[in-house]
Amino acid sequence: MAARRCASLPWCCCLAWCSPPARRSSSPRPSCCSWANTGCAAGALVRTRTRAKERLGRLASPAFFFSSLMKHEQTMRSLDDLEQAGLIPPPSPEQRAAADAFGVLLPPALARLIDPSDPSDPIAAQVIPSAHERTVTPDEISDPIGDAAHSPLPGLVHRYPDRVLLKLTGLCAVNCRFCFRRDLLTQDVLRDADLEAALAYIGAHPEVWEVILSGGDPLILSDARLNRVVRRLEAIETVSVIRVHTRLPVANPERVTPALVGALKSPKAVYVMLHCNHPRELTPEARAACARLIDAGLPVLSQSVLLRGVNDRPEVLEALMRAFVATRITPHYLHHGDMARGTSHFRVPLETAQALLRGLRGRLSGLGQPTYILDLPEGHGKVPVGPVFATRDGAGWRVEDPQGEVHAYGNAGSRAIG
Ligand code: SF4
């Protein structure tokens with residue numbers, strides 16, 4: 001559905017996105033407003049709230065579902081917004097088609113990082129629709145890692161025996177153009193009945209040791225809702241670990257408030273997995289947001305995607321990992337781009353990725369080494385596919401050192417052979 005602004009945006013804006021109070025209070029919905037039947041992003045949120053309210057009564061006030069982040073009036077939601085802000089020239093029809101297929105969502109914290117004079121800006125490449133998205137290769141699919149095949153209930157993915165993914169909302173703070181779930185994000189919140197069913201499922205499966213809160217971005221939800229989910233999970237005896245996947249600390253660092261940290265804190269282990277792809281995203285504000293989590297006892301680990309034109313140069317990747325380590329964020333996964341539709345221009349060849357990782361090993365200590373991960377299509381799971389440093393050689397091994405020199409290693413000890 002299109003996320004382009006409709007003609008009646010001021011009305012939508014006053015209701016959903018907190019424009020000036022004068023417009024918010026009593027403006028009647030103009031007859032031209034057709035958000036109920038369009039893909040307008042603001043209308044989608046209004047509809048989500050309205051449906052939720054109808055279903056759940058008083059508990060389902062917007063404040064119960066969404067954090068105040070959703071009131072951020074400066075978030076850009078269309079190509080017209082981007083053009084008016086001077087971030088792009090007049091959009092091409094192909095660019096408009098790309099934005100219609102997957103809407104624009106750009107919060108100010110990331111918009112501020114874009115250099116509009118740089119046609120290769122690495123932040124812009126991640127968030128601004130591109131004509132390249134219209135190219136869909138034969139191996140690209142809507143559900144590239146096979147969520148649907150492993151989903152026993154709405155919002156729940158049970159792919160590995162010991163852990164489940166709990167998708168609390170399909171909404172994000174930013175629409176990343178390379179998103180592996182770009183065709184699956186629903187602009188909706190998991191209904192209470194579905195949440196209860198998912199929690200019952202987790203309780204009935206004692207092999208589930210870890211629950212991963214994902215989406216969308218779960219931190220877009222209100223503190224009250226997150227608090228409720230975390231409390232319910234920590235009450236399930238067989239769940240030992242709660243993991244939160246989020247881009248919010250870089251997309252909107254202000255969201256990481258003491259109240260949010262309090263909602264996430266638990267006697268059980270809670271890990272925060274930060275999605276961040278370029279060192280420029282780790283602004284002082286983003287670093288401070290991560291520090292608030294870490295200081296409260298919530299370890300932060302990184303998840304990045306290797307992206308052509310964003311972080312596929314050795315010096316950029318190294319700077320990203322150094323920034324993580326210096327911020328006390330543990331480098332965890334560097335993902336190979338998934339086969340999501342319209343994302344081939346972002347994918348880096350596997351051998352190029354391995355060479356990058358090999359170089360990183362030579363320049364950076366073990367603290368800064370992420371695992372390079374390929375998530376196999378059709379839900380077969382994650383596999384580390386980084387560089388291989390040791391290969392069999394008869395009864396012994398050929399082992400490459402960090403400088404690229406190869407050594408024989410085996411029964412007779414170690415000697416350089418090339
Ligand atoms: S934050 Fe994650 S889920 Fe949301 S659009 Fe970006 S990659 Fe996709």
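A crossover is right-handed if, with the strands pointing away from the viewer, the path from the first strand over the helix to the second runs clockwise. In this predicted model, the unit made by β3, α10 and β4 is a right-handed β-α-β unit of that kind. The strands belong to an open sheet of nine, ordered β1-β2-β3-β4-β5-β6-β7-β8-β9 and mixed in its pairing. The points below follow the sheet from its edges through its strand pairs, and then turn to helix packing, backbone geometry and the ligand shell.

**The sheet as a whole**

- Strands β1 (156–160) and β9 (381–384) stand at the edges with a single partner strand each, so one side of each is left without a neighbour in the sheet.
- On average, neighbouring strands of this sheet are turned by 25 degrees against each other, when direction is ignored.

**Strands β2 to β4**

- Strand β2, residues 163–167, pairs with β3 in the parallel sense over five bridges, and within this pairing lysine 167 stands opposite serine 214 in β3.
- The connection here involves helix α9, residues 192–204, which together with β2 and β3 makes a right-handed β-α-β unit.
- Strand β3 also pairs in the parallel sense with strand β4, residues 241–246, over four bridges; glutamate 210 has valine 241 as its bridge partner in β4.

**Strands β5 to β7**

- Strand β5, residues 269–275, runs parallel to strand β6, residues 300–305, and four bridges join the two, with valine 272 standing opposite valine 300 in β6.
- Helix α13, residues 284–295, is the helical part of a right-handed β-α-β unit that it makes with β5 and β6.
- Strands β6 and β7 pair in the parallel sense over five bridges, and the bridge partner of glutamine 303 is tyrosine 333 in β7.
- A further right-handed β-α-β unit is made by β6, α14 and β7.

**Strands β7 to β9**

- Over three bridges, strand β7, residues 330–335, pairs with β8 in the parallel sense, and histidine 335 stands opposite isoleucine 373 in β8.
- From β7 the chain crosses through helix α15, residues 350–363, to β8, in a β-α-β crossover that is right-handed.
- Strand β8, residues 371–376, and β9 run antiparallel and are joined by four bridges; aspartate 375 finds its bridge partner, lysine 382, in β9.
- The two strands β8 and β9 form a hairpin with four residues between them, and in its turn glutamate 378 has a positive phi of about 65 degrees.

**Packing of helices α14 and α15**

- Helix α14, residues 314–326, packs with α15 at an angle of about 55 degrees, and the axes of the two helices are 10 Å apart.
- Angles from 65 to 115 degrees count as roughly perpendicular and those under 35 as roughly parallel, and α14 and α15 are therefore oblique to each other.
- The crossing in which α14 passes α15 is right-handed.

**Backbone geometry in the loops**

- Most residues other than glycine have a negative phi, and most peptide bonds are trans.
- Arginine 328, which is not a glycine, nevertheless has a positive phi of about 70 degrees, and its place is in the loop between α14 and β7.
- Glycine 215 and glycine 216 are joined by a cis peptide bond, for which omega is about 15 degrees.
- Glycine 216 lies in the loop between β3 (210–214) and α10 (223–234), and Gly216 is also one of the residues around the ligand.

**The shell around the ligand**

- The residues around the ligand are Cys172, Val174, Asn175, Cys176, Cys179, Arg181, Gly216, Asp217, Arg247 and His275.
- By residue class, this shell around the ligand divides into four nonpolar, three polar and three charged residues.
- His275, one of the residues around the ligand, falls within the residue range 269–275 of strand β5.

Terms used:
Residues numbered from 1 in each chain as written. Predicted model: local features only at pLDDT ≥ 70, side-chain atom pairs only at ≥ 80, totals over all residues. Near = placed C-beta within 6 Å. Nonpolar A, V, L, I, M, F, W, Y, C, P; charged D, E, K, R; others polar. Pairing = 2+ DSSP bridges. Axes fitted to C-alpha atoms, helices over the stretch in contact; angles between N-to-C directions. Parallel < 35°, antiparallel > 145°, perpendicular 65-115°, else oblique. Left-handed = near helix turned anticlockwise from the far one by under 90°.
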